[in-house]
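Me: I would like to go through the ligand site with you and ask how each label is earned. Could you set the values against their cut-offs as we go?

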Amino acid sequence: MIMDFLKSHVAPADGDRHTLARHRMVEEIKAMANETYGHEPMPISEKVLSVMGRVPRHRFVPEEESYGAYYNHPLPIGHGQTISQPYIVALMTELLMVGKQDRVLEVGTGSGYQAAILAEMAGEVFSMEIIEPLAARAATLLNELGYANVQVKVGDGNYGWPAHAPFDGIIVTATADHVPQPLLDQLKPDGRMVIPVGDWSYAQELILITKSRDGALQRKNILPVRFVPLTGGH
Ligand code: SAM
């Protein structure tokens, strides 16, 4: 059974010692997705699980944290920032529902891990990071790993990336106290945005925003989360 799983979730060339740890991480994500914690269960599709089982998360964390790369929790990546918990990465990816033709904007490149996950599923990924050394490191790593469909830019994601707008999907991986208007403007009709909103030191909620064909916005609360703050915007 484990071999069946490995065949379907792991690239054949990937025989490294991290493969089993990735498998365990995927199993934990699945189990967590089936819990309800007072809200409806939110299953993660095989498509997303398969990508999570393939992307080498250990490459995106600092060397000294690599032992815990596949634990289901966030880790520090320097500059006071974090790589998000694998379950949350999977859930946000699931909610975005991106396809091979889609163009996606990510605000908060951080380590580049979420961008790599999205790059496996979308046509093009545009990722913005406000801390220059993080952006530089992520861009180099993504390039090294062959993610040719990701562009990383240093900048304030509150304003989006107008030169490449509109986007089919927008994902914000830091908590804002409100949804930035430029991001709403840069979302295509039929597009989806996933963003944590709230008071960064206290109550935050992951929100799914969908834009209908006529431009009307719908907002759905998904679950309580904890992210670092979205800075800039002034
Ligand atoms: N997605 C990242 C990953 O896969 O590693 C995790 C991102 S971390 C939780 C949030 C990131 O958002 C940090 O790297 C932070 O510097 C960045 N950030 C905060 N405010 C920002 C802004 N206004 N524009 C762009 N990036 C921002």
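Me: Happy to start with the pockets. What makes you say which pocket the ligand takes up in this predicted model?

Reply: The space taken by the ligand is the largest pocket. A molecule sits in a pocket if more than half of its atoms lie within 2 Å of the pocket's grid points, so the ligand is assigned there because it meets that rule.

Me: How much space lies in the largest pocket, and which residues are the closest to its centre?

Reply: The volume is about 640 Å³. The lining has 39 residues, and Thr82, Ser84, Thr173, Phe227 and Val228 are the closest to the centre. At least two lining residues each come from E2, helix H4 (86-96), E3, H5, E4 and strand E9 (217-224).

Me: Why are residues counted as surrounding the ligand, and how many are there?

Reply: A residue counts because one of its heavy atoms lies within 4 Å of the ligand. The ligand has 28 such residues around it, with Ser111, Glu129, Asp156, Gly157 and Thr231 the closest.

Me: What makes the pair between the ligand and the side chain of Asp156 a polar contact?

Reply: The cut-off for a pair of N or O atoms is 3.5 Å. A ligand nitrogen is 2.8 Å from an N or O atom in the Asp156 side chain, so this pair qualifies as a polar contact.

Me: And how do you know that the backbones of Gly157 and Thr231 qualify too?

Reply: By that cut-off again. A polar backbone atom of Gly157 is 2.8 Å from a ligand nitrogen, and for a backbone N or O atom of Thr231 the distance to a ligand nitrogen is 2.7 Å. Both values fall within 3.5 Å, so both pairs count. As for cover, the ligand on its own has 600 Å² of accessible area, and the protein covers 99% of that.

Me: Which elements give two or more residues to the shell around the ligand?

Reply: They are strand E2 (81-83), strand E3 (103-107), helix H5 (113-121) and strand E4 (124-129). E2 gives the most, with 3 residues.

Me: How do the shell residues divide into nonpolar, polar and charged?

Reply: There are 11 nonpolar, 14 polar and 3 charged residues in the shell. Gly counts as polar in this scheme, so Gly157 belongs with the polar residues. The lining of the largest pocket divides into 21 nonpolar, 14 polar and 4 charged.

Me: What is the volume of the second largest pocket, and which residues are the closest to its centre?

Reply: This pocket has about 280 Å³. Its lining has 18 residues, with Asn158, Asp177, His178, Leu230 and Gly232 the closest to the centre.

Technical notes:
Residues numbered from 1 in each chain as written. Predicted model: local features only at pLDDT ≥ 70, side-chain atom pairs only at ≥ 80, totals over all residues. Heavy atoms only, no water. Polar contact = N/O pair within 3.5 Å; in protein donor to acceptor, adjacent residues only side chain to side chain. Areas by Shrake-Rupley, 256 points an atom, 1.4 Å probe, with all protein chains shown as cover. 1 Å grid on protein atoms, 1.4 Å probe; cavity = no way out; pocket = protein on both sides within 12 Å on 5 of 7 lines; lining within 4 Å. Helix = DSSP H or I, 4+ residues; strand = E, 2+ residues; numbered from the N terminus. Points joined across faces, edges and corners; volume = space filled by probe spheres on them.
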